[in-house]
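Trainee: I would like to take a close look at a single part of this structure, with the aromatic side chains as the starting point. Could you walk me through them slowly and keep the pieces connected?

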Amino acid sequence: MTSTSLTSTSVTQRRIVWGIRILLALAFGAAGLAKLAGVPQMVQVFEAVGFGQWFRYLTGVVEVGGAVLLLVPATGFIGGLLLTATMAGAVATHLVLIGGSPAPAVVLLLLSAFVAWRLRPVPAASSAA
């Protein structure tokens, strides 16, 4: 492979990851703001969860915060990790507490995990000879 093809592949991969980051930021930002705004559907869902409405606010803050972290280059990994954990909880909540399809949460979990994996810190190669 030539350096030009390596560079174009690398640029394409970075663009794909950025596209997914932006998509996730929009999705989590909208969902988090809906929770914080008290959209009736969100209030009902968190009523069914049974932890109280404080949990809706906490989840909304985590989702909006994670969305912001995804968009900042230095914190994208942390945002991806935070949102992956949040969606793991959402999947479990659907399966155990409230029913309904966990499919949207699974998709968001997988996309968040992909972003976290792509942005994970990689240790510098040791230069010991």
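Is F46 buried or exposed, and what surrounds this topic in the rest of the model?

Mentor: Please keep in mind throughout that this is a predicted model. F46 is buried, because its relative accessible area is 7%, and buried here means under 20%. The structure holds four aromatic pairs, and in one of them F46 is joined with F55, the two rings lying 5.9 Å centre to centre with 55° between the planes, which is a tilted arrangement. F55 itself is partly exposed, with a relative accessible area of 25%, so the tilted pair brings together a buried ring and a partly exposed one. F55 also pairs with W54, and this second pair is edge-to-face, with 5.6 Å from centre to centre and 70° between the planes. W54 counts as exposed because its relative accessible area is 54%, where the cut-off for exposed is over 50%. If we follow these rings together, F46, F51, W54 and F55 form one aromatic cluster, and its members include the buried F46, the partly exposed F55 and the exposed W54.

Aromatic rings also meet charged groups in this model, and two such cases can be set beside the cluster. The charged end of R56 sits over the ring of Y57, at 4.4 Å from the ring centre, while the charged end of R21 sits over the ring of W18, at 3.9 Å from the centre of that ring.

From here we can turn to two residues in helices. A31 belongs to helix 1, which covers residues 3-37, and A31 is partly exposed, with a relative accessible area of 24%. Although A31 and T59 are 28 residues apart along the chain, their C-alpha atoms are separated by 9.4 Å. S112 is placed in helix 5, residues 103-118, and S112 is buried, because its relative accessible area is 1%, where buried means under 20%. Leaving aside residues up to four places away in sequence, S112 touches L24, F28, G80, L83 and T84.

Methods: Residues are numbered from 1 along each chain as its sequence is written. This is a predicted model: local features need pLDDT of at least 70, side-chain atom pairs count only at pLDDT 80 or more; totals for chains, interfaces and linings use all residues. Side-chain values use heavy atoms; hydrogens and water are left out. Rings of Phe, Tyr and Trp (its six-membered ring) pair if their centres lie within 6.5 Å; planes under 30 degrees apart count as stacked, over 60 as edge-to-face and the rest as tilted. Buried means under 20% relative accessible area, exposed over 50%, partly exposed in between (1.4 Å probe, protein chains only). A charge sits over a ring if NZ of Lys or CZ of Arg is within 6 Å of the ring centre and within 35 degrees of the ring normal. Helices (H or I, at least four residues) and strands (E, at least two) are DSSP runs, numbered from the N terminus. Contact means heavy atoms within 4.5 Å.
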